[in-house]
Amino acid sequence: MKIRVLGSAAGGGFPQWNCNCRNCDGVRHGRIRARRRTQSSIAVTVNDVDWLLINASPDLLAQIGASPSLQPGRYARDTGIVAVVLMDAQIDHVTGLLMLREGKHLSIYCTASVWKDLTEGLSLTRVLSHYCDIQWHPIEMNDTMPPGEGKPFTLPQLEGIDFIPVPLSSKAPPYSPHRMSPSPGDNIGLIIRNARTGKSAFYAPGLGQIEAHVESAMRAADSVLVDGTFWRDDEMIRLGLSKKRALDMGHLPQSGPGGMIELLDSLGDRRKILIHINNTNPILDEDSQERATLARDGIEVAYDGMEIAL
Ligand code: MLT
Ligand code: MN
Ligand code: ZN
């Protein structure tokens, strides 16, 4: 099984079109050593032909262009993308669906609360249904499942891979009609397990809180790809860019007591990869002290095009 990182940045990408923070300005003008990054998405395959897209970023077309094996070119009109899984209904994870409208058929795996936001909050599924045939495959989150896990699902084109949803407590997106009344399924993580090799990855680009079941999922995984949005809780406030703290936005900062680095350090020997990195995060600057701290602790920073074999 192969996981390909299509987009490693948080909403806005890197550099962000309207941002002149040290990082965005620096990468735009070549003043810092850093890679540009598109918005949050990964894809999974077992045969290099059929791919499950996990999140559909607004940068999807550029990501497909940068990943030739997602475009196998067998027929006059063709794609390697067999289905899309959505981890939440955030703009940076769903608006790429509109870019898939020229396809014949679109299979979308998401929870009922995400589907509701896509239908009633954004009207996205209704708009899309005028262009292509859409099939919703509900990801079920209910009490009959093992604690902290939703109902596993498989896809015929990704033989031997089990996808196990993990409920995360966070918020629905700002536009959601139920933003103020969170429901299980607003945000999920995903365990991606290869039954043939016994290896697995845990993917959660948005993680505000590390509940016990989330920590167990991380401990059981050979590779963790987790929320790398902010270095500090007050990162945006200190830069004068927002009044919101990282935790208010559902993102656990990396530094400080109880932060992501502390947790990753406690996991022992496995691949630890930060993903969904905000453009303000100092770890994007490859010469920063913060990046050196991660390197010392064996924590990697995802980049567009990174591949993980499991
Ligand atoms: C988030 O995860 O907080 C997002 O990246 C916000 C956004 O899409 O703008
Ligand atoms: Mn995001
Ligand atoms: Zn910026």
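Which residues line the largest cavity? I began with this point, working throughout on a predicted model.

**Entry 1. Cavity**

I searched for enclosed space and found one cavity of 30 Å³ or more. The volume of the largest cavity came out at about 30 Å³. I listed its lining as Met87, Asp88, Leu168, Asn187, Ile188, Ala204, Pro205 and Gly206. Sorted by class, I counted five nonpolar, two polar and one charged residues in that lining.

**Entry 2. Zinc site**

I turned next to the zinc ion (ligand 3) and looked up its protein donors. I noted Cys19 (SG), Cys21 (SG), Cys24 (SG) and Asn279 (OD1), at 2.3 Å from the ion. I then checked the geometry: the angles subtended by the four donor atoms run from 99 to 121°, which makes the arrangement tetrahedral. For this assignment I needed the cut-off, namely that all angles lie between 85 and 135 degrees.

Along the chain, I read the spacing of the zinc donors as C-x1-C-x2-C-x254-N. I placed cysteine 19 in the loop between strand E1 (2-7) and helix H1 (22-28), and asparagine 279 in the loop between strand E11 (271-275) and helix H9 (289-296); the pair therefore ties together parts that are 260 residues apart in sequence. I recorded both cysteine 19 and asparagine 279 as buried.

**Entry 3. Cis peptide**

I also examined proline 15, which I located in the loop between E1 and H1. The peptide bond leading from phenylalanine 14 to proline 15 is cis, and I read its omega as near 0°. I set this against the general expectation that most peptide bonds are trans.

**Entry 4. Manganese site**

For the manganese ion (ligand 2), I found the protein donors to be Asp92 (OD) and His276 (NE2), at 2.1 to 2.2 Å from the ion. Aspartate 92 belongs to helix H3 and histidine 276 to the loop between E11 and H9, so I noted that the pair ties together parts 184 residues apart in sequence. I kept in mind that water is not among the atoms, so sites may look incomplete.

Are the two manganese donors buried or exposed? I found a relative accessible area of 8% for aspartate 92, which is buried. Histidine 276, at 5% relative accessibility, also counts as buried. The cut-off I applied for buried is under 20% relative accessible area.

I then looked at the backbone of histidine 276 and found a positive phi of about 60°, although the residue is not a glycine.

**Entry 5. Largest pocket**

I examined the open space next. The largest pocket holds about 840 Å³. I found 36 residues in its lining, with Gln90, Pro174, Met249, His251 and His276 lying nearest the centre. I noted His276 here again, having met it as a donor of the manganese ion (ligand 2). Which element gives the most to this lining? I identified helix H3 (residues 91-94), with three residues. By class I recorded 11 nonpolar, 19 polar and six charged residues.

**Entry 6. Second largest pocket**

I put the volume of the second largest pocket at about 620 Å³. It is lined by 21 residues, and those closest to its centre are Asp78, Thr79, Glu102, Gly103 and Lys104. I looked up the elements giving two or more residues to this lining, and these are helix H2 (60-65), strand E4 (81-85) and strand E5 (105-110). I noted E4 as the source of the largest share, four residues. The classes in this lining are 11 nonpolar, six polar and four charged residues.

**Entry 7. Single residues**

I checked asparagine 55, in the loop between strand E3 (51-54) and H2. Its phi is near 80°, a positive value in a residue other than glycine. At 0% relative accessibility, asparagine 55 counts as buried.

I located asparagine 194 in strand E8 (residues 187-194) and found the residue buried, with a relative accessible area of 5%. What does the side chain of asparagine 194 reach? I traced it to the backbone nitrogen of arginine 196, at 3.0 Å.

Last, I looked up phenylalanine 202, in strand E9 (residues 199-204). Phenylalanine 202 is buried, with a relative accessible area of 0%. I computed its separation from serine 255 as 53 residues in sequence and 21 Å in space, C-alpha to C-alpha.

Key. Residues are numbered from 1 along each chain as its sequence is written. Chains are lettered from A and ligands numbered from 1 in the order in which they are written. This is a predicted model: local features need pLDDT of at least 70, side-chain atom pairs count only at pLDDT 80 or more; totals for chains, interfaces and linings use all residues. Side-chain values use heavy atoms; hydrogens and water are left out. Donors are N, O and S atoms within 2.8 Å of the metal (3.2 Å for Na, K and Ca); water is not among the atoms, so sites may look incomplete. Four donors count as tetrahedral if all angles lie between 85 and 135 degrees; four count as square planar and six as octahedral if opposite donors are over 155 degrees apart and all others between 65 and 115; anything else is irregular. Buried means under 20% relative accessible area, exposed over 50%, partly exposed in between (1.4 Å probe, protein chains only). On a 1 Å grid over the protein atoms alone, a cavity is a set of points where a 1.4 Å probe fits but cannot get out, and a pocket is an open set with protein on both sides within 12 Å along at least five of seven lines; lining residues have an atom within 4 Å of a point. Grid points are joined across faces, edges and corners, and a volume is the space filled by probe spheres set on the points. Ala, Val, Leu, Ile, Met, Phe, Trp, Tyr, Cys and Pro count as nonpolar, Asp, Glu, Lys and Arg as charged, and the others, Gly among them, as polar. A polar contact is a pair of N or O atoms within 3.5 Å; within protein, one must be able to donate a hydrogen and the other to accept it, and residues adjacent in sequence count only if both atoms are side-chain atoms.
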